[in-house]
Amino acid sequence: MLTNIEILSKREKQIALKIMDGLPNKLIACDLFISERTVKFHCANIYRKLDIRNRHALVAQYYRDLASLTL
């Protein structure tokens, strides 16, 4: 079974995990050695692919997918 999170690219998954750790875009950019603008670009792609609007929805989606795997 393919979860929504699995449709993300490797870099998008890395950024999603950093978002779930509560890091702001600036720190995500520093950790991954990319620009803050690139982080924002990847965030927009993540939100589009998962059909969500913000970071809170990303965390909720992650836990919904996790719950569906354990059922």
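User: Which residues does Q61 touch, not counting residues up to four places away in sequence?
Analyst: In this predicted model, the place of Q61 is in helix 4. Leaving out residues up to four places away in sequence, the residues that Q61 touches are N4, I5, L50 and I52.

User: Is Q61 buried or exposed?
Analyst: Buried means under 20% relative accessible area. The relative accessible area of Q61 is 7%, so Q61 counts as buried.

User: Which residues of helix 4 are buried, and where do they sit around the axis?
Analyst: The buried residues in helix 4 include L58, Q61 and D65. They cover an arc of only 60° around the axis, so they are on the same side of helix 4.

User: Which exposed residues does the face of helix 4 turned away from its buried side carry?
Analyst: The buried side of helix 4 has cover that includes helix 1 (10-20) and helix 3 (36-50). The face turned away from that side carries the exposed residues H56, Y63 and T70.

User: How far apart are the end C-alpha atoms of helix 4, and what span should its 16 residues have?
Analyst: At 1.5 Å a residue, the 16 residues of helix 4 should span 22 Å. That agrees with the distance between its end C-alpha atoms, which is 23 Å.

User: Which residue caps the N-terminal end of helix 4?
Analyst: The candidate is found in the loop between helix 3 and helix 4. One of its side-chain oxygens lies 3.1 Å from the backbone nitrogen of H56. The same side chain reaches the backbone nitrogen of A57 at 2.8 Å. The capping residue is N54.

User: What is the relative accessible area of N54, and how is N54 classed?
Analyst: Buried ends at 20% and exposed begins over 50%, with partly exposed in between. N54 has a relative accessible area of 34%, so its class is partly exposed.

User: Which residue in the loop between helix 3 and helix 4 has a positive phi of about 55°?
Analyst: The residue is not a glycine, although its phi is positive. It is exposed, with a relative accessible area of 71%. Its place is in the loop between helix 3 and helix 4, and its name is D51.

User: What is the phi of F33, and where does F33 lie?
Analyst: F33 lies in the loop between helix 2 and helix 3. With a relative accessible area of 77%, F33 is exposed. F33 is not a glycine, yet its phi is positive, at about 60°.

User: Which helix gives the most to the largest nonpolar core?
Analyst: The largest nonpolar core has 16 residues, and those with the most contacts inside it are I15, I19, V39, I46, L50 and L58. Helix 1, helix 2 and helix 3 each supply at least two residues of this core. With 5 residues, the one that gives the most is helix 3.

User: Which residues are in contact with I19, leaving aside its neighbours within four places in sequence?
Analyst: I19 is among the residues with the most contacts inside the largest nonpolar core. Beyond its neighbours within four places in sequence, its contacts are I28, C43, Y47, R55 and L58.

User: Which element has the lowest mean pLDDT?
Analyst: The protein averages a pLDDT of 90, and 94% of the residues score at least 70. Among the elements, helix 2 (residues 25-32) has the highest mean, 98. The lowest mean, 85, belongs to helix 4 (residues 55-70).

Conventions
Residues are numbered from 1 along each chain as its sequence is written. This is a predicted model: local features need pLDDT of at least 70, side-chain atom pairs count only at pLDDT 80 or more; totals for chains, interfaces and linings use all residues. Side-chain values use heavy atoms; hydrogens and water are left out. pLDDT is the predictor's confidence in each residue, from 0 to 100. Helices (H or I, at least four residues) and strands (E, at least two) are DSSP runs, numbered from the N terminus. The expected span of a helix is 1.5 Å times one less than its number of residues. Buried means under 20% relative accessible area, exposed over 50%, partly exposed in between (1.4 Å probe, protein chains only). The arc is that of the directions from the helix axis to the C-beta atoms. Contact means heavy atoms within 4.5 Å. A polar contact is a pair of N or O atoms within 3.5 Å; within protein, one must be able to donate a hydrogen and the other to accept it, and residues adjacent in sequence count only if both atoms are side-chain atoms. A nonpolar core is a set of buried Ala, Val, Leu, Ile, Met, Phe, Trp, Tyr and Cys residues joined through side-chain atoms within 4.5 Å.
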